[in-house]
Amino acid sequence: MKPKLTYLLALTFLFLFSGSVYGGVFDKKDEKVGLFCLPEGYFSIDIKEKTVKVFSIHEDKKLTETHKIIKETGIYIMSENKTKTRQYFIDRHTYEDKHIIWINLVTRDEEGKIDKDFRIKCIVGDKKF
């Protein structure tokens, strides 16, 4: 095979299959994604409205927190509540399989210092939440 043709075929396959390897959960700007995360509860992440809503894990599924998305990169989404005592760092890309992502939860004390920093394993639900 000619070197130019080999190079062209390699680029074609790289272009076609790169999305399946590096594609994330939050690909579209107007998307809503539902997550189930223990022990935190249910998350509704609305990329268009720039909000993260957390619902109770109990039977009432009551809204417990609303966070504003304050920063987005190609790697993560950062949200913060109004009191600035809790922040979520939501990975845009999946781990382990297509249905599991991680959220880092950071809580702060009254002086603004980090009190807790831990990871939460979440299952991705219906993107039309």
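## Strands, core and salt bridges around β2

Asp 46 counts as buried, at 5% relative accessibility. That makes a handy way into this predicted model, since Asp 46 is also one half of a salt bridge with Lys 32, at 3.8 Å from N to O. The two sit 14 residues apart, with Asp 46 in strand β2 and Lys 32 in strand β1, so the pair links distant parts of the chain. The bullets below start with that pair, then go through the strands, Thr 51, the core and the other charged pairs.

**The Asp 46 pair**

- Buried or exposed, what is Asp 46? Asp 46 falls in the buried class, because its 5% is under the 20% cut-off.
- Lys 32, the partner across the salt bridge, is partly exposed instead, with a relative accessible area of 36%.
- As general background, side chains of opposite charge can pair when their charged atoms come close.

**β2 and its neighbours**

- β2 is largely enclosed by the rest of the structure, because five of its six residues are buried.
- On one side, β2 pairs with β1 in the antiparallel sense, over six bridges. Phe 36 has Tyr 42 in β2 as its bridge partner.
- β1 and β2 make a hairpin, with three residues between them.
- β2 also pairs with β3, again antiparallel, and here the count is five bridges. Ile 45 is matched with Val 52 in β3.
- The β2 and β3 hairpin has four residues between the strands, and Lys 50 takes a positive phi near 60° there.

**Thr 51**

- Thr 51 belongs to strand β3, which covers residues 51-55.
- With a relative accessible area of 13%, Thr 51 is buried, because that value is under 20%.
- Which residues does Thr 51 contact, leaving aside neighbours within four places in sequence? They are Ser 44, Ile 45, Asp 46, His 67 and Ile 69. So Asp 46 turns up here as well as in the salt bridge with Lys 32.

**The nonpolar core**

- The largest nonpolar core has 18 residues. Leu 35, Phe 43, Ile 90 and Ile 103 are the ones that touch the most other members.
- Which elements give two or more residues to this core? They are β1 (32-37), β2 (41-46), β3, β6 (86-91), β7 (100-108) and β8 (114-124).

**Lys 50 and Glu 72**

- The side chains of Glu 72 and Lys 50 form a salt bridge at 2.5 Å, N to O.
- This pair also links distant parts of the chain, 22 residues apart: Glu 72 is in strand β4 (residues 63-72), while Lys 50 is in the loop between β2 and β3.
- Neither end of the pair is buried: Glu 72 is partly exposed with a relative accessible area of 23%, and Lys 50 is partly exposed at 31%.

**The rest of the charge picture**

- How many salt bridges does the structure hold? It holds five.
- Glu 111 forms one of them with Lys 113, with the closest N and O atoms 3.8 Å apart. Glu 111 and Lys 113 are both exposed.
- Glu 40, Glu 65 and Arg 86 are tied together in a network of salt bridges.

Notes. Residues numbered from 1 in each chain as written. Predicted model: local features only at pLDDT ≥ 70, side-chain atom pairs only at ≥ 80, totals over all residues. Heavy atoms only, no water. Buried < 20%, exposed > 50% of the residue type's maximum accessible area, 1.4 Å probe, protein only. Contact = heavy atoms within 4.5 Å. Core = buried A, V, L, I, M, F, W, Y, C linked by side-chain atoms within 4.5 Å. Pairing = 2+ DSSP bridges. Salt bridge = Lys/Arg side-chain N within 4 Å of Asp/Glu carboxyl O.
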